[in-house]
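Work through the salt bridges of this protein. Keep sequence and coordinates at hand.

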Amino acid sequence: MASLSSTIHPSYGFHPIVTTSFHGISVEPSCSLFLLLTLPPLVFVDPYELANYKDSYTFRHAGPSNLELPVSAIGPSNSHVFVNVSRRAVKEGSLQIPLHLRYGDVSVDGFQAVEVSVPEGYVICEGRADSDAGSYIPEEFTAFFRQSNISRLSPSLASDAVFHVQAPVGRPDDASQVELGTAVTILLCFAYLVYTLYKTALRMGYTNHPKSS
């Protein structure tokens, strides 16, 4: 039976990679294989980075897309990535999707845990739909396949339902040290700036008033 399985590595840090493997999947010429990733606010993809994987897949993205904001500045809504797997990747049997984690809220544990759903697989073929598999796909994507037959693939029995990922965050006890370090750094930078301005002023004064012979 056609199925897929996925793993994530590393499970701790800011840059995990999802590897999805295909088992017994053959795609007819009129069909395409798709993966749907549902990402919580703490997790995101970099569209510019994914563009480098064009030999393995193309993609559509829906949801928050700002790459720099911390999780505290992102709303509660999930984002979605709909991946169109290339025939080359299907033949090779697997592909990789790099993920990134935002800076999380301060925690006494020093990390923030999050669950990420494993990618869901769909085979979409040209022709009128005759199943309700499309109901699992966000509306932003189903609009492109209203006249298509959508079949949902079963996950491998060995595949987990969710990934458990942890991102390192600051501890409340570290706040005083961070504030002190920041203050010292700013003072040193200011002192260096004053010193540089002083040396420049001396040099400019010497240039403008050369010694008379």
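The exercises below treat a predicted model.

**Exercise 1.** How many salt bridges does the structure hold?

Solution. The structure holds 3 salt bridges. One joins the side chains of Asp55 and Arg88, at 3.6 Å from N to O. Another pairs Arg88 with Glu92, with closest N and O atoms 3.2 Å apart. Glu120 and Arg152 also meet, at 3.5 Å.

**Exercise 2.** Find which parts of the chain Asp55 and Arg88 tie together.

Solution. Start with the contact: the Asp55 and Arg88 side chains form a salt bridge. Next, place the residues. Asp55 sits in the loop between helix H1 (47-50) and strand E5 (57-62), and Arg88 in helix H2 (residues 87-92), so the pair ties together parts 33 residues apart in sequence.

**Exercise 3.** Place Glu92 relative to Arg88, then classify it: buried or exposed?

Solution. Both residues lie in helix H2, 4 residues apart, so about one helical turn separates them. Glu92 has 52% relative accessibility. The cut-off for exposed is over 50%, so Glu92 counts as exposed. Asp55, at 48%, is partly exposed.

**Exercise 4.** Describe the setting of the Glu120 and Arg152 salt bridge.

Solution. Take the contact: N to O is 3.5 Å. Glu120 belongs to strand E10 (residues 120-126) and Arg152 to strand E11 (residues 148-152); the pair links distant parts of the chain, 32 residues apart. Now check accessibility. Glu120 is partly exposed at 23%. Arg152 is partly exposed at 39%.

**Exercise 5.** Which residues do shared partners join into one network?

Solution. Arg88 bridges to Asp55. Arg88 also bridges to Glu92. Asp55, Arg88 and Glu92 thus form one network.

Technical notes
Residues are numbered from 1 along each chain as its sequence is written. This is a predicted model: local features need pLDDT of at least 70, side-chain atom pairs count only at pLDDT 80 or more; totals for chains, interfaces and linings use all residues. Side-chain values use heavy atoms; hydrogens and water are left out. A salt bridge is a side-chain nitrogen of Lys or Arg within 4 Å of a carboxyl oxygen of Asp or Glu. Helices (H or I, at least four residues) and strands (E, at least two) are DSSP runs, numbered from the N terminus. Buried means under 20% relative accessible area, exposed over 50%, partly exposed in between (1.4 Å probe, protein chains only).
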